[in-house]
Amino acid sequence: MNNFRHSILSIVFLAISAPAVAESPLDFPKGPAQWLMTAEEKREWRGVKDAARAQELVDLFFVRRDPTPETFANEFRDEFRARVDFADKRFAEGRRRGSLSERGRVLVVLGFPREQGDEAAKRSAQYSSGGPNPMDPTGGREVAGRSIWTYSYEESIRFGLPKIEVVFIHDGLDGRARRDTHRNDFISALPVAIASYIKSPDLTSVPEWAKHELYYSPMTAAPREVEAMMEAPLPDAPVPAAAGSGAPTAPVTRPPSVGKLTLVADAFALEPESGIDPFASLTSRDVFRPEDELGWVAEYCSGSLAPLSAVEVTLKISGLIKGERINFNAPAEELVPDSIRASPGCYLVRGAVPLMDMEPASYALFVRIGQYNLTKDFRIIE
């Protein structure tokens with residue numbers, strides 16, 4: 001890894017195709033965007049019957065949440081569409097769109113969980129070791145299957161919680177998965193999550209820089225491995241191993257995704273092969289000195305257990321120095337990621353940027369793969 005010590009690269013969101021369901025602008029507030037709308041935005045939509053006005057509100061919804069204003073990339077829009085597309089393909093319930101299901105809502109609001117576990121439906125024991133179970137005189141009860149989504153500290157702290165666990169109970173009659181309302185993690189995180197995506201709250205109309213046709217260019221087609229993953233059987237009803245068989249459980253991979261970009265003092269101090277999640281207690285650093293290196297790390301999950309040899313990444317640093325916008329650009333480069341033992345199919349991508357030639361100022365680090373970006377702000381001080 002030494003030859004990557006001073007590489008100025010990182011990793012970004014994997015390309016996933018545009019939403020499979022085409023929406024009229026007038027239907028927008030009834031679609032998955034409703035899960036992220038503020039009360040004020042919902043009021044703005046009341047009584048809107050003109051398609052042109054509806055389109056303005058659609059555009060404003062995405063522009064207000066763009067983390068990199070005045071660039072052609074809108075990372076929020078791309079990630080939102082990727083989540084919606086995934087939910088529509090994986091979580092559809094009869095005629096209900098997957099992104100409008102309860103699992104779809106959680107995915108749109110919180111993103112992909114770090115861990116997902118599934119338990120098959122089963123019948124509770126009729127007898128205890130001492131004879132008939134007095135607590136269960138029914139002769140055994142049917143226990144519904146469950147899915148448990150876990151968001152670890154690195155993912156959940158941005159929503160104000162140290163850990164988020166969401167449990168879905170599968171209805172064997174209608175095929176729906178309902179969120180267990182006895183668990184309040186999601187409801188606690190919801191208002192913080194909705195507010196966290198808004199980057200330009202004062203915008204009341206779409207600015208000129210966001211009206212360029214490139215700003216609305218279509219997303220690229222999904223890679224074959226993503227399409228194959230989306231066509232894989234759903235994990236709603238896993239087949240339990242025969243009693244006493246001791247059959248091992250196959251490792252569960254996470255969907256294709258990229259974890260939040262994190263800035264650290266020494267990116268190469270992390271040990272992804274140790275068996276401990278390297279992101280579990282990692283906190284991003286936002287202040288550096290010219291004699292430091294800007295260490296960066298990101299987690300990339302390929303959605304497959306097949307070994308990943310390399311990823312193509314690029315990097316850009318932008319800063320405003322004495323009123324002038326300064327950009328430092330690096331060409332695309334192939335980077336070899338490190339496998340994370342604690343998360344099958346996931347990798348640690350990292351590098352470091354020397355800061356000795358950069359003036360004290362505020363900067364933004366942009367990392368890119370394909371059409372997608374991650375961003376992190378930092379400062380260099382005297």
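These legends describe close-up views of a predicted model. Local features need pLDDT of at least 70, side-chain atom pairs count only at pLDDT 80 or more, and totals for chains, interfaces and linings use all residues. Residues are numbered from 1 along each chain as its sequence is written, and side-chain values use heavy atoms, with hydrogens and water left out.

**View 1. A disulfide links strands β12 and β16.**
The sulfur atoms of C301 and C346 lie 2.0 Å apart and form a disulfide (a pair of cysteine sulfur atoms within 2.5 Å). The count by this rule is 1 disulfide. C301 sits in β12 and C346 in β16, so the pair ties together parts 45 residues apart in sequence. Strands here are DSSP runs of E, at least two residues long; helices are runs of H or I, at least four long; both are numbered from the N terminus. The link of C301 and C346 is right-handed, with 100 degrees about the S-S bond. C301 is buried at 0% relative accessibility. C346 is buried too, with a relative accessible area of 1%. Buried means under 20% relative accessible area, exposed over 50%, and partly exposed in between (1.4 Å probe, protein chains only).

**View 2. Strand β16 pairs with β12 and with β15.**
Strand β16 covers residues 346–354; 8 of its 9 residues are buried, so the rest of the structure largely encloses it. Strand β12 (residues 293–301) runs antiparallel to β16, joined by 9 bridges. Two strands pair if DSSP finds at least two bridges between them. L294 has V353 of β16 as its bridge partner. Strand β15 (residues 338–339) is also antiparallel to β16, over 2 bridges. Here S339 is partnered with Y347. The hairpin of β15 and β16 has 6 residues between the strands, and G345 takes a positive phi near 85 degrees.

**View 3. Strand β12 also pairs with β9 and β10.**
In β12, 8 of the 9 residues are buried, so this strand is largely enclosed by the rest of the structure. Strand β9 (residues 257–258) runs antiparallel to β12, with 2 bridges. V258 has Y300 of β12 as its bridge partner. Strand β10 (residues 262–264) is antiparallel to β12 as well, through 3 bridges. V264 is partnered with G295 of β12.

**View 4. Four strands form an open antiparallel sheet.**
The strand order is β1-β6-β7-β8. At the edges are β1 (115–119) and β8 (177–179), each pairing on one side only. From one strand to the next, the twist averages 25 degrees. Axes are lines fitted to C-alpha atoms, for helices over the stretch in contact; angles run from 0 to 180 degrees between N-to-C directions. Strands β6 (residues 146–151) and β7 (residues 164–170) are antiparallel and share 6 bridges. S147 has F168 of β7 as its bridge partner.

**View 5. Helices α4 and α6 lie across strands of the sheet.**
Helix α4 (residues 102–110) crosses β6, β7 and β8, at about 160 degrees to β7. Helix α6 (residues 185–196) crosses β7 and β8, at about 125 degrees to β7. Buried residues of α6 include F186, L190 and I194. Seen down the axis of α6, its buried residues fall within an arc of 145 degrees, so they line one face of the helix. That arc is taken from the directions from the helix axis to the C-beta atoms. The buried residues of α6 pack against α4, β7 and β8; contact means heavy atoms within 4.5 Å.
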